[in-house]
Amino acid sequence: MHIVSCPSCGAEVRFKSHAAVMAVCEFCRATLLKDADAVKNLGTMSSVLEDYSPIQVGTSGVAGGRHFTVVGRIQLRYDRGLWNEWYVLYDDGSNAWLGDFSGLFTLTSVRAVTLALPGFNAIGVAQTCQIDGERWLASEKRSGECIAGQGELPFRVGEGWRIRVADFRSGPRFLTLDYTDGDVPVVYTGVAVTLAEMRCQLLRDDEQIRASAGKYRGKVDALDCPSCGSTISYLPGVATNLVCPACKAQLDAAGPEARVLAAGDKVARMRTTIEIGAKANIGGSQCTVIGAMICDTDDGETWTQYLLYSTRASFFWLVESVDGWHRADVMSHWPAWHADQADVALADKVEYNKSADYMARVVAAAGAFNWRVQAGDRTRTMEFKYGKTTLAAEVTDEEMTWSRSKPLATDQVMAWFDDPVKKARPPGAPRVPAAPRNAPPVRGAPLSNILFKFFLWLLGLNLIPLLINFGTSALFLLVGLAAIFLPAAFTRIANKDEQ
């Protein structure tokens, strides 16, 4: 360990890694460059935007049988959001990067390759690519910039330091081509991981997360829209892309003050079954609905998606449509799928057959999101089904994601949120059909048809008693039919009044 005094404030700065060339003083934010002769002060580095990540400098764990410690981080911004890259030091002196985006984690390290690599501009999202003799699927392509740093880092960075990267997936495996230093990329390979798999210790607890994320702006979970003044609930540091529910202005809350990215038009309040801010205990985790958006297709199908967040889990969606409720989770282990075999996706040794291919459009959005969203956004969606489970691949020009959705009982959803219909939908408001089309269709016969068939069955069953003793049998038959049809009639009247 190399210990030096900060040239700016005199505080002790420790270099744990011999490969580290830069460190950020935790007291005065001075950026220190270590060279052969001295430690130079390069100026002040911006404070990281304290988010809801449980990881911190000092977090430790085990990966591949080797113990590691997190010693630094860079925070990066691209057009659609933010992410963290944590610099990891193994006990044997080697290092790696722990990617952290919205509760999804990847662990990668530098890999030497011998074959030619594709150029940045030649890479297309959702296309297969041969890299060092292996086939990979391009999952993301982005340009970004460093906005802050913390701890030790293996190279010199600063505000405005720009990067160009392309990410690839193959099942749980992950690969990044980093074109930051030129046309010949540096290759990083690794796997998707979870904090539980790595047996991480010294993670931040819920109270530490809430306190640090809230203190950054002096607001815990609400701000006033700079465009119209309405209050917006959000999660500081996590959901930094906001859509004002009142004026639909698109806001960026990734700095000390929210700024308007695009003005919106004042429209009627977006009506949803579950209100933004509703809380539920799901699977033992306290979850909060932080955003909602209504989507449709060119064929007129409409659904609503609710974005939920928990400090101990990644983001997930509750999807409401005319076919019922579904839960959709982003997949960290991707299915085997390739453009030349586009009708089948293989996940967990099960073949899912392609069932739909359509363009989804955002009709309206409100609340907070972990990426930039606005009305009019279009996404190509491909669905693959096996039984009641649906895999959905969503593709834009910059990104491809996979999610897995399963049906939920309406009673279960109502129980989670203590019957949110009564809370969120004002009297007389029409109910909006909701949630994505990746909900499997559930076709049920109308109630009137079922009752009519039951009437015919009951009549046939009582045909002989009617012929023998018509008066008494007819009386009992009429009483039975009234007991069946009258409750259904009252239910229809009540539903019409509610609508």
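This passage describes a predicted model of one protein, from its overall make-up to its strands, cores and selected buried residues.

The protein has 499 residues, and buried residues make up 47% of them. Six helices and 31 strands are found in the protein. Among contacts with a separation of 6 or more, 54% join residues that lie 24 or more positions apart. The accessible surface comes to about 24300 Å², with carbon and sulfur atoms contributing 53% of that area.

Confidence deserves a word before the details. The average pLDDT of the protein is 78, and 67% of the residues score at least 70. Over residues 214-220, however, the pLDDT is below 50, although this stretch has 21 contacts in the model beyond near neighbours in sequence. Residues 422-447 also stay under 50 in pLDDT, and here the model has 72 contacts beyond four places in sequence. Where pLDDT is low, the predicted coordinates should not be read in detail.

A good place to begin with the strands is β22, which spans residues 285-297 and pairs with β23 in the antiparallel sense over eight bridges. Within this pairing, A292 stands opposite Y306 of β23. The two strands form a hairpin with four residues between them, and G300 in the turn has a positive phi of about 95°. Strand β23 covers residues 302-310, and eight of its nine residues are buried, so the strand is largely enclosed by the rest of the structure.

Strand β22 also has β28 as a partner, again in an antiparallel pairing, here over seven bridges. G291 has G367 in β28 as its bridge partner. On the β27 side, residues 341-347 form a strand that pairs with β28 in the antiparallel sense over four bridges. In that pairing, A345 has Y352 of β28 as its bridge partner. The hairpin of β27 and β28 has two residues between the strands, and D348 takes a positive phi near 55°. Strand β28 pairs with β29 as well, in the antiparallel sense over eight bridges, and R361 is found opposite R378 of β29.

Which residues have the most contacts inside the largest nonpolar core? They are I274, Y306, L308, L318 and F417, in a core of 20 residues. The elements that give two or more residues to this core are β21 (279-282), β22, β23, β24 (313-321), β28 (350-369) and α2 (410-416). Of these, β22 gives the most, with four residues. A second, separate core has 19 residues, including C295, W303, W317 and V319.

Y306 offers a closer view of the first core. Not counting residues up to four places away in sequence, Y306 touches T272, T273, I274, V289, G291, A292, F316, W317, L318, E320 and W325. One of these contacts, A292, is also the residue that stands opposite Y306 in the strand pairing. Another, I274, is listed with Y306 among the residues with the most contacts inside the core.

Strand β29 (residues 378-386) holds M382. With a relative accessibility of 2%, M382 counts as buried, because the cut-off for that class is under 20%. Leaving aside neighbours within four places in sequence, M382 is in contact with W337, K354, A356, D357, L391, A392, A393 and V395. The C-alpha atoms of M382 and Y358 are separated by 6.7 Å, while the two residues are 24 residues apart along the chain.

I123, in contrast to a strand residue, lies in the loop between β10 (104-110) and β11 (128-131). Is this loop residue buried or exposed? I123 is buried, with a relative accessible area of 9%. Its contacts, leaving aside neighbours within four places in sequence, are P118, A138, K141, A166, F168, L177 and Y179. For one of them, K141, the C-alpha atom is separated from that of I123 by 7.9 Å, with the pair 18 residues apart along the chain.

Cysteines complete the account. A search of the whole structure finds zero disulfides. C146 is buried, at a relative accessible area of 1%, and C287 is likewise buried, at 2%.

Notes: Residues numbered from 1 in each chain as written. Predicted model: local features only at pLDDT ≥ 70, side-chain atom pairs only at ≥ 80, totals over all residues. Heavy atoms only, no water. Buried < 20%, exposed > 50% of the residue type's maximum accessible area, 1.4 Å probe, protein only. Pairing = 2+ DSSP bridges. pLDDT = per-residue confidence, 0-100. Contact = heavy atoms within 4.5 Å. Core = buried A, V, L, I, M, F, W, Y, C linked by side-chain atoms within 4.5 Å. Disulfide = S-S within 2.5 Å. Areas by Shrake-Rupley, 256 points an atom, 1.4 Å probe, with all protein chains shown as cover.
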